[in-house]
Amino acid sequence: MIPRQLSLVFADSPKGGGSDARSDASEQRAFLLQKAKHKRTARTIACAADPGRLLEEVASEENLSSALLNVIRNKGAPGPDGQTVEEAQARAPVLIDDLRRALLTERYRPGPVRRVFIPKTGGGQRGLGIPNVVDRVAQQALLQVLEPIFEPTFHPSSHGFRPGRGAHTAVAEVKEHLQAGCRIVVDLDLEKFFDRVHHQRLLDRLGQKVADCRVVDLVRRMLKASVMMPDGEKIAVREGTPQGGPLSPILSNVVLDELDQELARRGLRFVRYA
């Protein structure tokens with residue numbers, strides 16, 4: 001069972017300034033690299049001993065610094081607040097300190113997500129959400145903590161949006177199935193999947209492996225962030241996990257793993273790649 005590929009596209013970010021800007025950027029990048037150098041190889045000792053304190057790992061200075069570095073590397077267009085990744089990098093110490101305190105005191109509230117539309121290969125348009133840079137940092141920090149928890153539990157026939165996996169590993173598994181004698185292929189496309197994710201079902205599945213309810217609530221607030229349409233209108237969100245932010249891919253796999261496990265339980269051979 002081979003779903004059609006869904007391409008995730010980010011808009012280009014604005015170009016940077018002159019030599020002074022490059023000097024400041026180098027200084028701030030050095031600051032971030034210094035802070036992130038103690039990047040964990042697994043969950044921190046404190047959180048391993050007390051899984052109910054997972055939020056402290058998300059909001060650690062090292063994790064947020066590493067997250068901001070990843071957001072800077074990925075570039076991307078500004079969100080509704082207009083801040084560029086270059087501007088975020090220039091104020092890295094303040095951004096990290098403010099975000100850390102907001103997360104730990106549970107005062108953090110994601111800003112609206114800017115909706116843009118890009119043409120789909122087969123016709124029509126796909127809506128992407130572009131969060132503010134600071135919200136991308138928060139999502140990336142959360143991803144870096146959730147991924148080691150969920151990644152080992154995902155079905156091996158799932159290849160989309162996973163580290164070290166992609167089209168090449170999906171094709172390799174398809175070849176294995178063909179060599180094993182499979183001759184009938186069903187091509188399945190989940191229409192508007194990202195737009196229709198049921199929030200409570202997703203949060204319930206997160207809660208099965210995430211003991212810190214503050215982290216589950218943080219994901220809830222991210223899912224509920226309003227959408228700013230191209231004409232400036234703000235739309236309330238009741239379902240879906242918009243494509244465009246760092247967290248959406250792993251959340252989609254958390255939801256779709258239920259399908260993967262059910263297909264496997266029924267003895268079906270499948271390959272899922274999005």
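Is arginine 101 buried, partly exposed or exposed? Arginine 101 is partly exposed, with a relative accessible area of 40%. Keep this residue in mind, as it returns in one of the close-ups below. Please remember throughout that the model is predicted.

**Figure 1. The whole chain has 11 helices and four strands.** Let us start with the overall picture before zooming in. Of the 274 residues of the chain, 45% count as buried. Looking at contacts in the chain with a separation of 6 or more, 76% come from residues 24 or more positions apart. The chain exposes about 14,400 Å², and carbon and sulfur atoms supply 52% of that area. A search of the whole structure also turns up 13 salt bridges, and some of them get their own views below.

**Figure 2. Aspartate 98 and arginine 101 meet in a salt bridge.** Here is arginine 101 again. The N to O distance between the two side chains is 2.8 Å. Both residues belong to helix α6, and because they are three residues apart, about one helical turn separates them. A general rule helps here: an α-helix has 3.6 residues a turn, so residues three or four places apart point the same way. Aspartate 98 counts as partly exposed at 35% relative accessibility, and arginine 101 is partly exposed at 40%.

**Figure 3. Helix α10 is largely enclosed by the rest of the structure.** This helix spans residues 213-223, and eight of its 11 residues are buried, which is why it can be called largely enclosed. The buried residues are Arg214, Val215, Val216, Leu218, Val219, Arg221, Met222 and Leu223. What lies over them? The cover for these buried residues includes α3 (54-58), α6 (92-104), α7, α9 and α11 (248-265).

**Figure 4. A salt bridge within α10 links arginine 221 and aspartate 217.** The side chains meet with an N to O distance of 2.7 Å. These two residues are four apart, about one turn of the helix. Arginine 221 has 14% relative accessibility, so it counts as buried. Its partner, aspartate 217, is partly exposed, with a relative accessible area of 28%.

**Figure 5. Cysteine 213 lies in helix α10 and is exposed.** The relative accessible area of cysteine 213 is 59%. How far is cysteine 213 from leucine 55 in sequence and in space? The two residues are 158 residues apart in sequence, and their C-alpha atoms are 9.0 Å apart.

**Figure 6. Helices α9 and α11 cross at roughly 90°.** The axes of the two helices come within 10 Å of each other. With that crossing angle, α9 is roughly perpendicular to α11. On the α9 side, the contact is made by Arg201, Leu202, Arg205 and Leu206. On the α11 side, Leu251, Val254, Val255, Asp257 and Glu258 take part.

**Figure 7. Glutamate 262 and arginine 266 form a salt bridge.** The closest N and O atoms of this pair are 2.8 Å apart. Glutamate 262 counts as partly exposed at 27% relative accessibility, whereas arginine 266 is exposed, with a relative accessible area of 59%. Elsewhere, salt bridges that share partners join Arg53, Glu56, Asp212 and Arg214 into one network.

**Figure 8. Five residues make a nonpolar surface patch.** The patch covers about 430 Å² and is made by Ile184, Val186, Leu188, Leu190 and Leu259. Isoleucine 184 sits in the loop between α8 (167-179) and α9 (199-207). Isoleucine 184 has 76% relative accessibility, and because exposed means over 50%, it counts as exposed.

**Figure 9. Phenylalanine 161 and lysine 192 have positive phi values.** Phenylalanine 161 is not a glycine, yet its phi is about 55°. You can find phenylalanine 161 in the loop between α7 (133-150) and α8. Phenylalanine 161 is partly exposed, with a relative accessible area of 27%. For lysine 192, also a residue other than glycine, phi is near 50°. Lysine 192 is found in the loop between α8 and α9.

Key. Residues are numbered from 1 along each chain as its sequence is written. This is a predicted model: local features need pLDDT of at least 70, side-chain atom pairs count only at pLDDT 80 or more; totals for chains, interfaces and linings use all residues. Side-chain values use heavy atoms; hydrogens and water are left out. Patches are made of residues with over 30% relative accessible area and no salt bridge: like charges are joined within 9 Å, nonpolar side chains (Val, Leu, Ile, Met, Phe, Trp, Tyr) within 5 Å. Accessible areas come from the Shrake-Rupley method with a 1.4 Å probe; for residues, only the protein chains shown count as cover. A salt bridge is a side-chain nitrogen of Lys or Arg within 4 Å of a carboxyl oxygen of Asp or Glu. Buried means under 20% relative accessible area, exposed over 50%, partly exposed in between (1.4 Å probe, protein chains only). Contact means heavy atoms within 4.5 Å. Axes are lines fitted to C-alpha atoms, for helices over the stretch in contact, and angles run from 0 to 180 degrees between N-to-C directions. Angles under 35 degrees count as roughly parallel, over 145 as roughly antiparallel, 65 to 115 as roughly perpendicular and the rest as oblique.
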